[in-house]
Amino acid sequence: MDALMAALVAAALAHVGDAPATLAAILADRFRKPGLVILAAAIALAAASAIAVAAGMLLAPLITPKAKLLMLALALALQGGGALFPAKAPDRLQGWRLGAFATSLLGLFIQFFGDGIQFVVVVLAARSPVPALAGVGATLGALVAIAPAAVLGENAWHRLPLRPARLVVALAFLVGAAILAAQALALV
């Protein structure tokens, strides 16, 4: 259950003001089908998370528990460092003529697969006795940010105080990373 909650919280925080949420808002406005964009996002998230979980399962027997903890600290530090900078505006996918569902599914999968939270999911899956829970948690957590972005649309989404929120998220990830690193290195 630890992997589920940790991944859920990490993914929810990581996607606040990030490119995938912005892309979901853009696509929901473009196609005027926020429900369809959310469904496509859920499928894309589940697929990207499943790949991360599989990588974590392959990695698990190869490294020690302390190394896994240190890798988690590194993953959180990278996620926190990335949140310190403004999210890069995603490609609007205007040249894609695949229809609302396929464009949303493929475009969001590409965003999710290259997202930093995948590294967190890999490590959480490697540390968990039930690795799939890390993928389920990451999928649900990301939807916490993606769904409101799709429902609100691009203009309303960008009116939210996303920059201050990202700074708070960055601080949370960096503090968590420092604590885990200190534990992994037996400094505490």
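Phe113 is partly exposed, at 43% relative accessibility; here "buried" stands for under 20% relative accessible area, "exposed" for over 50%, and "partly exposed" for anything in between, using a 1.4 Å probe and protein chains only. Keep in mind that this is a predicted model, where local features need pLDDT of at least 70, side-chain atom pairs count only at pLDDT 80 or more, and totals for chains, interfaces and linings use all residues. Residues are numbered from 1 along each chain as its sequence is written, and side-chain values use heavy atoms, with hydrogens and water left out. Helices (H or I, at least four residues) and strands (E, at least two) are DSSP runs numbered from the N terminus.

**The aromatic pair**

- Let's start with the rings: a search of the whole structure turns up one aromatic pair.
- That pair is Phe109 with Phe113, and the two rings are stacked, at 5.6 Å centre to centre with 20° between the planes.
- For the cut-offs, rings of Phe, Tyr and Trp (its six-membered ring) pair if their centres lie within 6.5 Å, and planes under 30 degrees apart count as stacked, over 60 as edge-to-face and the rest as tilted.
- Both residues sit in helix α5 (residues 100-113), four residues apart, so about one helical turn separates Phe109 from Phe113.
- Like its partner, Phe109 is partly exposed, with a relative accessible area of 25%.

**Helix α5 itself**

- The helix that carries the pair has 14 residues, and α5 reaches 20 Å from its first C-alpha to its last.
- That is close to the 20 Å expected at 1.5 Å a residue, where the expected span is 1.5 Å times one less than the number of residues.
- Ala100, Thr103, Ser104, Gly107, Leu108 and Phe112 are the buried residues of α5.
- Those buried residues line one face of α5, because they fall within an arc of 145° seen down the helix axis; the arc is that of the directions from the axis to the C-beta atoms.

**The largest pocket**

- About 350 Å³ of space lies in the largest pocket.
- A word on the terms: on a 1 Å grid over the protein atoms alone, a pocket is an open set of points where a 1.4 Å probe fits, with protein on both sides within 12 Å along at least five of seven lines, and lining residues have an atom within 4 Å of a point.
- Grid points are joined across faces, edges and corners, and a volume is the space filled by probe spheres set on the points.
- The lining of the largest pocket has 21 residues, with Asp2, Ala6, Leu72, Leu124 and Arg127 nearest its centre.
- Helices α1 (2-14), α4 (65-83), α6 (117-127) and α9 (162-184) each give at least two residues to this lining, and α1 has the largest share, with six residues.
- By class, the lining of the largest pocket splits into 17 nonpolar, two polar and two charged residues.
- In that count, Ala, Val, Leu, Ile, Met, Phe, Trp, Tyr, Cys and Pro are nonpolar, Asp, Glu, Lys and Arg are charged, and the others, Gly among them, are polar.

**The second largest pocket**

- The second largest pocket comes in at about 310 Å³.
- Its lining has 24 residues, and Asp18, Ala19, Pro20, Lys88 and Asp115 lie nearest the centre of this pocket.
- α1, α2 (19-31), α4, α5 and α9 each supply at least two lining residues of the second largest pocket, and the largest share, four residues, comes from α4.
- By class, the lining of the second largest pocket has 14 nonpolar, five polar and five charged residues.

**Two loop residues with positive phi**

- Most residues other than glycine have a negative phi.
- Arg32, in the loop between α2 and α3 (34-59), has a positive phi near 55°.
- Arg32 is also exposed, with a relative accessible area of 74%.
- Leu93, in the loop between α4 and α5, has a positive phi too, near 60°.
- Leu93 is buried, with a relative accessible area of 6%.

**A few more residues to look up**

- Leu171 is in helix α9 and counts as exposed, at 56% relative accessibility.
- From Leu171 to Gly114 is 57 residues in sequence and 22 Å in space, C-alpha to C-alpha.
- Ala182 is in α9 as well, and is buried at 16% relative accessibility.
- Gly135, in helix α7 (residues 132-152), is buried at 8% relative accessibility.
- The C-alpha atoms of Gly135 and Ala125 are 7.6 Å apart, with their positions 10 residues apart along the chain.
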